[in-house]
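Subject: Structure handover

Hello,

The structure is below, followed by notes on what was found in it. Please read the notes with the coordinates open.

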Amino acid sequence: MCETMADFDKTTDLMKNPAWAAVEKYAEEGTVLSLEVGGIVNKGVIVYVEGLRGFIPASHLDIGYVEDTNTYLGKTVEAKVITADEEKDRLVLSVKEVMYDRRRKEKEEKINAIAPGSLLEGKVESLMPYGAFVDLGDSISGLVHISQIANRHIESPGEVLKVGQEVKVKVLKVENGKISLSIKAAADQEETPDEAPSITYKDEGNASTGLGALLSGLKLD
């Protein structure tokens, strides 16, 4: 009787070492593992996952440079599997990837906490042909499209803005981790303050034009 490819795959899976099957699943699902560093080797440290010897390169122990790996001996780290190759007996993990994931999540939560309609203060960090990027603080920036810079037509952002200039902006849209801003709308709103409040924020709290103040009460997991 002819076996189907699905049957062949199932048979192959049953023949796999259960420990390697487990670490391969960890790699596929991006599982964060809590592991104790059990040894120090050249250019990294050793941990054990499901009884298998795993290697964390020094370059993956932290986001920054790690000068002395000996300080990690006996410590518990959170890491994820980035390479699981049973054939080559190669199991590599990364602490840095977990840190990056958390940093991205925290940034995303901070961005999503900014509500459209908010008035914020920032500093021009770069000028592009299509607009200007404004640093809002807390490692967050947004784009002011060239059409939203001034109440008149301009050929380039550099006509009215310069890098390092402090500006007031209005949040037009927050979508897919990107913030669309308007200097023009912020100026218009300041001229007619009775038409709309200067700050809109998703959580209850004191109104402020600074992003740091907006995010000060935000608790991140």
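Two strands are counted as paired if DSSP finds at least two bridges between them. The model is a predicted one, and the pairings that follow were computed from it.

Barrel

On that basis Val-144 stands opposite Leu-181 in β11. The two strands concerned are β9, residues 140–145, and β11, residues 178–182, which pair in the parallel sense over two bridges. Both belong to a barrel closed by five strands in the order β7-β8-β9-β11-β10, with mixed pairing. On average, neighbouring strands of this sheet are turned by 50° against each other, direction ignored. Helix α4, residues 183–191, packs on the sheet and touches β7 (119–128), β9, β10 (166–175) and β11. The direction of α4 makes about 110° with that of β10.

In general, the strands of a sheet pair through backbone hydrogen bonds, in either the parallel or the antiparallel sense.

Strands β1, β5 and β6

The antiparallel sense is found between β1 (residues 33–36) and β5 (residues 76–85), over four bridges. Here Leu-33 stands opposite Ala-79 in β5. β5 also pairs with β6 (residues 90–94), again antiparallel, over five bridges. Within this pairing Val-81 stands opposite Leu-93, and Ala-84 has Leu-91 as its bridge partner. Of the five residues of β6, four are buried, so the strand is mostly covered.

The hairpin of β5 and β6 has four residues between the strands, and Asp-89 takes a positive phi near 55° there.

Glu-86

Glu-86 lies in the loop between β5 and β6. Is Glu-86 buried, exposed or partly exposed? Its relative accessibility is 31%, and because the partly exposed class runs from 20% to 50%, Glu-86 counts as partly exposed. Leaving aside neighbours within four places in sequence, Glu-86 is in contact with Lys-16, Asn-17, Trp-20 and Glu-24. Ala-19 is 67 residues away from Glu-86 in sequence, yet their C-alpha atoms are 9.6 Å apart in space.

Largest pocket

The largest pocket has a volume of about 180 Å³. Which elements each supply at least two residues of its lining? They are α3 (96–112), β9, β10 and β11. The lining consists of these residues:

- Lys-107, Ile-111 and Phe-133
- Ser-141, Gly-142 and Leu-143
- Lys-173, Glu-175 and Gly-177
- Lys-178, Ile-179 and Ser-180

β9 and β11 therefore come up twice in these notes: they are paired in the parallel sense, and each supplies at least two residues of the pocket lining.

Whole chain

The chain has five helices and eleven strands. Buried residues make up 33% of its 221 residues. Among contacts between residues at least 6 apart in sequence, 56% join residues at least 24 apart. The accessible surface of the chain comes to about 13,700 Å², and 48% of that belongs to carbon and sulfur atoms.

Regards

Note on methods
Residues are numbered from 1 along each chain as its sequence is written. This is a predicted model: local features need pLDDT of at least 70, side-chain atom pairs count only at pLDDT 80 or more; totals for chains, interfaces and linings use all residues. Side-chain values use heavy atoms; hydrogens and water are left out. Axes are lines fitted to C-alpha atoms, for helices over the stretch in contact, and angles run from 0 to 180 degrees between N-to-C directions. Contact means heavy atoms within 4.5 Å. Buried means under 20% relative accessible area, exposed over 50%, partly exposed in between (1.4 Å probe, protein chains only). Accessible areas come from the Shrake-Rupley method with a 1.4 Å probe; for residues, only the protein chains shown count as cover. On a 1 Å grid over the protein atoms alone, a cavity is a set of points where a 1.4 Å probe fits but cannot get out, and a pocket is an open set with protein on both sides within 12 Å along at least five of seven lines; lining residues have an atom within 4 Å of a point. Grid points are joined across faces, edges and corners, and a volume is the space filled by probe spheres set on the points.
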